[in-house]
Structure formats: structure tokens, C-alpha cells
Amino acid sequence: MTENEIPAEVSIVLPTYEEAENLPIIIPEICRVLLQASIRGEVIVVDDDSPDGTCSVAEKLAEDYPVKVISRKQERGLASAVLAGFKASQAKVCVVMDADGSHPVEKLPEIIGPLLSDQADVTVGSRNVKGGSSANWPWYRRLISRTAGILSAGLSKMTDPTSGFMGIRRELLAGLKLDPIGWKVVLEIVVKAAPSRLIEIPITFRDRHLGRSKMSIKAQLSYIRHLYHLHKFKHQTLIEFIKFCIVGFSGILVDMGMVIALKELFALDTRICAIGGFSLAVTTNYLLNRFWSFTRGRETPFLKSYLIFCAVCGVGLAVRLGTMHLLIEYTYLDTGYGYLLTNFIGIVVATAVNFAGSKAFAFSPEKLAFRSPKEESRTND
Ligand code: GDD
Ligand code: MN
């Protein structure tokens, strides 16, 4: 594996912090396993200026093995180290694993194979599928791992969401906006890349050979923050919809309040009062949606987005009346107190239309971005 001219097809990224004792064990082992499986690979060590001399150990190994060393002096952290390793790769497939022997090196061909043969986009080593198992962890470590798994429910289909052993086709990483916070870079990538073909490979997680674990209370707290961000990312539309409905309710109150005020203060015709109520409610709804409901609402040009929102509300009203008209003319729903249901269905349909229209047009920075024809042609070529 020393023929340096032929580019590697796989990069094995090893993030390291104080792994000087482990690198001379794991790197030859990785190279042996890859050679045996006829995989052209390289190892990328990403070290954060470990005081135990990990970096010079890695550089020494690079004389005999296909190893690249990235030594970071300023930056710190597992997730950002992994991303730096991926960035340095030119290979078709990237793998990340612990440098301490926790992840079984002999499983590399199973992690890499489906990616090279285009049968999977992502492969993840899992302790929780048939054939996988955990190290003999003390009860509190198992409890932490289990809790971490439960908190990430709904984010991915992975059976071992806290796994740190993964392979990915590098093209999937292009264009992803990854947050290098926290410890769980695998979960971050799987949620954001949303690979359609994810295969789990059973692994036996072993306790590290030598050295100590860097998993800390701080890492666990940042995991909670990380999860919050991931849930927000994954369920963004649902959260926006719930907020949109709350704003809708507030709009009813504003509308009613305005009608009462106009009536009581100026004794206007009730229909005129209704126009006043509607106009004010559309405006307060707009502002709340812009600054609160829609994640990217405030990035849109104000007036344009406001006018489109008003138009969307108009369309919503028309759809509501149309739906109610159909129900009244073609069903028996609208008899007795049935009018309440007829109206309710009208509101539900209009809410869906309003939400979809608001999200897709009024509060979509991409749709509303002002582009001069010159800029337009620049982005096209
Ligand atoms: N560059 C860099 N910077 N590397 C780091 C840092 C850092 O700040 N912190 C940890 N590492 C490296 C370690 O040297 C090791 O190679 C790997 O990241 C994992 O760290 P460990 O300290 O061995 O973590 P662990 O074994 O306690 O945690 C494991 O279990 C989790 C599953 O519950 C890891 O495998 C995690 O990846 C896994 O998610
Ligand atoms: Mn470990």
C-alpha cells in the first residue's frame, strides 16, 4: 500500500486526542485489513495538538504507511476534527472510527464494501443489530448510552444513534451545512444528509486498548444542545406549522378585538368593522409569522413578502368558501348544527392552503430574492 501515486479510494479518518500508544497498533492493523480486502486506502489522522506526542507518532508511521497527518493547533473538538479529515479527503469513500481500538478494524471491509459498490450511501457500525454487542460497560455508562438513544428517537432510523463508526460516499457530504458541535458527528451527518440507503453493520464495541476516554460531562451537555438543533432541523416544517396555527388563533382574537373597538367607539357598520378587523389581523399575523413562525421569514424583503402573504390569505379565503360551497350543495352536512362542522372543515382546508402558500412564497427567501437580470445570467453560467 505504499504506491502513493495511485489515489486512495477510501480515506479512514482517525480523530485523535492523546492516542500516542494506540496509533502504532491500529494503523498497521487498518492497512493489513484493507490490503487483504484489496481496498486502496489511506489513513488521515486529525490530531488536536495532543500533549502526549500523538502527532509525531503519526508522522513516524507515515514513513511506512499511507498516512496523512493533520495537526490542529487552534481548533478543538471531535466533530470538527472529523469534518476536517473528510475535507482533506479526495477519495470516493470516507470512514470515521475511534483510534483507540473501540471499533473493530476487521469490520472495515463490510463498512466500505457497500459504498464502493454503490449499494449504500452510508454504512454505520451498530451494537444493536443482530450480531452486534457492547463492551462490558458499567451500569452508568450503559444508562447514559441508552438515554442518549432515547433522546434521539425520531431523528433517524439508526438502531445505534450514538455510534461513532461510519462510512459515507464523499459526494454526499458536498453542499451539506454541518454543525461541528458536540460529539455525535455521525448522527449529525445522517440527519442532514438523509441518505436513502443506510446499511447497519453489526459490530462489537470494545473498550479502548490504552489511554482514557475523552467522553466528559461537557460532551454530554453539548449532546443535549446538539439534539435540540437536530430536532429543530428535522422537524422544522412541523414546528413552523404549529406556530403558524397559534398565530392563526391570535389573529381571531385580534380580529374580534378590532371589530368590538370600531363598533363601540365609532358605531360603524358591522361589515366595515369586519374589514378593519381582517386588515389588522392579517398584519399582526404577518408580523408574528415573519419574526416567529418561519425560521427564515425575516430574510425576505418586507413589503414584497407582506403583499404576497395578503394575497395568499385571499386565496385561502376563496378556497374556504369554495370548500364550504361544495359541502353545502353536495352533502347533507350543513343541516342543524352541521354548519359548525362545515365551517370548521373550511377553516382547516384554508389553514393548509395558507400555510403552504406562506412557506413556499411569502416567507421563502429564495423565491423572493431580488435578482437583476445581470445577476440571473451570472448564476446560470
Ligand atoms: N481530534 C480530536 N479532538 N479527537 C478527539 C477529541 C478531540 O477533541 N476527543 C476525542 N477524540 C478522539 C479520541 O482520541 C478517539 O479516537 C475518538 O475521538 C473517540 O474518543 P473516545 O474518548 O475513545 O470516546 P469513547 O470511546 O468514550 O466514546 C465512544 O463511544 C461512543 C458511543 O457511545 C466513541 O466511539 C464515540 O465515537 C461513540 O459515539
Ligand atoms: Mn473509544
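Colleague: Are W137 and F205 buried or exposed?

Modeller: This is a predicted model, where local features need pLDDT of at least 70, side-chain atom pairs count only at pLDDT 80 or more, and totals for chains, interfaces and linings use all residues. Side-chain values use heavy atoms, with hydrogens and water left out. Taking buried as under 20% relative accessible area, exposed as over 50% and partly exposed in between (1.4 Å probe, protein chains only), both W137 and F205 come out buried.

Colleague: What kind of aromatic pair do W137 and F205 make?

Modeller: Rings of Phe, Tyr and Trp (its six-membered ring) pair if their centres lie within 6.5 Å; planes under 30 degrees apart are stacked, over 60 edge-to-face, the rest tilted. Here the centres are 5.2 Å apart and the planes sit at 70°, so the W137 and F205 pair is edge-to-face.

Colleague: How far apart in sequence are the parts that F244 and F355 link?

Modeller: Helices are DSSP runs (H or I, at least four residues), numbered from the N terminus. F244 belongs to α8 (residues 236–266) and F355 to α11 (residues 338–362). Their rings are also edge-to-face, 5.3 Å centre to centre with 70° between the planes. The separation along the chain is 111 residues.

Colleague: Which residue has its charged end over the ring of F205?

Modeller: A charge sits over a ring if NZ of Lys or CZ of Arg is within 6 Å of the ring centre and within 35 degrees of the ring normal. At 5.2 Å from the centre of the F205 ring, the residue is R127.

Conventions:
Residues are numbered from 1 along each chain as its sequence is written. Chains are lettered from A and ligands numbered from 1 in the order in which they are written. Helices (H or I, at least four residues) and strands (E, at least two) are DSSP runs, numbered from the N terminus.
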